[in-house]
Amino acid sequence: MLHTSDWHLGRSFHRVSMLQAQRDFIQHLVRTVHEREVEAVLVAGDVYDRAVPPLAAIELFDDALHQLAHCGVPTILISGNHDSARRLGVASGLIRQAGVHLRTDPAQCGTPILLPDAHGDVAFYGLPYLEPHLARAAVGADRARHTAVLGAAMDRVRADLATRPAGTRSVVLAHAFVAGGAGSDSERDITVGGVAAVPASVFDGVDYVALGHLHGCQRITERVRYSGSPLAYSFSEANHRKSMWLIDLDAAGAVHAERLDCPVPRPLARIAGRLDDLLTDPRYEPHEDSWVEATLTDPARPREPMARLVRRFPHILSLAFAPERTEEEAHASYAQRLRGRTDQQIAEDFVTHVRAGRAADAEERVVLSDVFDEVRAAAGHEHAGPGADDGAPDDGAGAPGRRPRVPGMRAAGAGRTRPGGDGAAEVAR
């Protein structure tokens with residue numbers, strides 16, 4: 001069996017199309033089926049990246065199914081949390097005749113696909129992504145919680161398996177977050193609405209569990225494994241080894257697993273440091289042809305950092321800033337960092353920060369000073385007590401009951417201010 005999952009057809013990587021890389025993976029998959037004499041292909045969910053995929057992704061999936069059917073090798077697929085189960089399941093009855101088995105309906109959890117080998121039948125059960133509130137009734141769960149719903153689905157699997165001849169081996173495909181698995185940034189969070197990690201013990205009683213959802217290839221137990229995604233979809237996967245599991249079940253159901261690497265369209269690199277170091281340090285030479293995520297640690301933002309970085313790293317895709325701070329600064333709270341500084345000083349510091357170290361000039365300091373004078377005057381007017389006419393402060397336009405209008409404050413970006421002269425702190429925030 002060749003266990004794979006999380007193709008996410010149609011997904012891009014930081015606005016870079018991954019369609020050709022996905023096409024290359026499909027070709028690699030088909031070659032592996034031929035070369036390793038695979039007897040069944042398992043796809044554990046998230047075939048597509050979204051419920052309504054682009055036409056190019058649908059065409060690629062159609063081509064993959066045609067190639068696998070042409071190989072004469074049965075393929076079993078389930079829907080994941082990114083897929084539209086009903087859309088993916090369209091025509092499943094028809095394409096089953098070509099050896100492609102789609103399992104997208106929770107009510108079918110206990111109905112296996114039986115595939116024979118030299119030792120007898122192997123029963124394959126497809127458990128699509130089970131959203132608790134939607135799947136509870138279909139599987140007969142007593143609560144709309146992930147463990148309860150998945151447990152009820154597995155009860156159906158075990159009940160059917162008990163009716164099979166002795167020695168029937170069993171494989172479950174499931175799309176879920178199993179406790180002990182390590183996630184990455186590119187997975188959609190499924191911990192909302194009663195969905196959380198389930199214990200691996202929920203799958204007790206079967207010979208092998210082919211999991212999908214987590215993008216890192218990993219072994220939860222000897223019999224419970226994630227194949228991971230065949231391609232990296234976030235920089236958090238920079239250290240992943242993208243692969244598939246080639247699984248052999250012997251006559252007694254014992255698992256023999258071999259990890260097969262997937263093609264890498266371009267390596268990922270996460271680099272960090274001051275801009276000058278990133279541009280000149282020889283140790284970054286291996287990453288010059290990689291997709292790069294750079295984090296600049298310069299105390300002040302350098303001028304045109306992306307334009308300068310792209311000359312050395314032409315495939316840089318992401319730029320972040322994490323300015324170096326002293327240990328004392330790193331542990332100081334916002335209030336502590338402001339303590340003892342005037343509004344004028346805070347505002348000037350802010351100007352210096354956002355302009356890559358260029359401080360406010362004399363004219364700008366006068367403008368800032370004038371704005372703070374207006375803020376203090378307005379705050380004093382507001383708290384001076386009821387007006388002589390009707391007890392309500394005037395907003396400068398004759399309308400009673402509103403905050404005083406402060407000339408120039410919208411342009412300065414201060415918004416509302418609190419009494420006590422802390423307008424600059426509000427601007428800095």
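Let me start with Ala-174, which stands opposite Leu-211 in β10, and with the two strands concerned, since β9 (residues 169–175) and β10 (residues 208–212) pair in the parallel sense over five bridges. Two strands are taken to pair if DSSP finds at least two bridges between them, and the strands themselves (E, at least two residues), like the helices (H or I, at least four residues), are DSSP runs numbered from the N terminus. I should say at once that this is a predicted model, in which local features need pLDDT of at least 70 and side-chain atom pairs count only at pLDDT 80 or more, while totals for chains, interfaces and linings use all residues. Residues are numbered from 1 along each chain as its sequence is written, and side-chain values use heavy atoms, with hydrogens and water left out.

The strands β9 and β10 belong to an open sheet of six strands, with the order β7-β8-β9-β10-β12-β11 and mixed pairing. At its edges are β7 (113–117) and β11 (218–219), each of which pairs on one side only. Helix α6 (residues 146–161) packs on this sheet, where it touches β8 (120–127) and β9, and the direction of the helix makes about 160° with that of β8. For that angle, axes are lines fitted to C-alpha atoms, for helices over the stretch in contact, and angles run from 0 to 180 degrees between N-to-C directions; contact, here and later, means heavy atoms within 4.5 Å.

Let me turn to another sheet, again open and again of six strands, which runs in the order β6-β5-β4-β1-β13-β14 with mixed pairing. Its edge strands are β6 (100–103) and β14 (255–261), each pairing on one side only, and neighbouring strands of this sheet are turned by 20° against each other on average, direction ignored. Within it, β1 and β13 (residues 243–249) pair in the antiparallel sense over two bridges, and the bridge partner of His-3 in β13 is Trp-245. By contrast in sense, β4 (residues 41–44) and β5 pair in parallel over four bridges, with Ile-76 in β5 as the bridge partner of Leu-42.

Which way do the residues of β5 (residues 75–78) point? Thr-75 and Leu-77 point one way and Ile-76 and Ile-78 the other way, and all are buried, where buried means under 20% relative accessible area, exposed over 50%, and partly exposed in between (1.4 Å probe, protein chains only).

Next comes Ser-92, which lies in helix α4 (residues 92–95). Ser-92 counts as partly exposed because its relative accessible area is 22%. Leaving aside its neighbours within four places in sequence, Ser-92 is in contact with Val-100 and Leu-102, and from Ser-92 to Arg-103, eleven residues apart in sequence, the C-alpha to C-alpha distance is 8.2 Å.

Now for the loops after β1. Arg-11 sits in the loop between β1 (2–4) and β2 (12–13), and Arg-11 is classed as buried because its relative accessible area is 16%. The side chains of Arg-11 and Asp-49 are joined by a polar contact of 3.4 Å, a polar contact being a pair of N or O atoms within 3.5 Å, of which, within protein, one must be able to donate a hydrogen and the other to accept it, with residues adjacent in sequence counted only if both atoms are side-chain atoms.

The loop between β2 and β3 (16–17) holds His-14, and Arg-15 lies in the loop between β2 and β3 as well. Phi of His-14 is near 50°, a positive value in a residue other than glycine, and Arg-15, although not a glycine, has a positive phi of about 75°. At 31% relative accessibility His-14 counts as partly exposed, whereas Arg-15, at 73%, counts as exposed.

What about the cysteines? A search of the whole structure finds zero disulfides (pairs of cysteine sulfur atoms within 2.5 Å). Why does Cys-217 form no bond with the closest cysteine sulfur? The closest one, in Cys-262, is 8.7 Å from the sulfur of Cys-217, which is too far for a bond. Cys-217 is also buried, with a relative accessible area of 15%.

I will end with the whole protein, which has 14 helices and 17 strands. Buried residues make up 47% of its 429 residues, and among contacts with a separation of 6 or more, 66% are accounted for by residues 24 or more positions apart.
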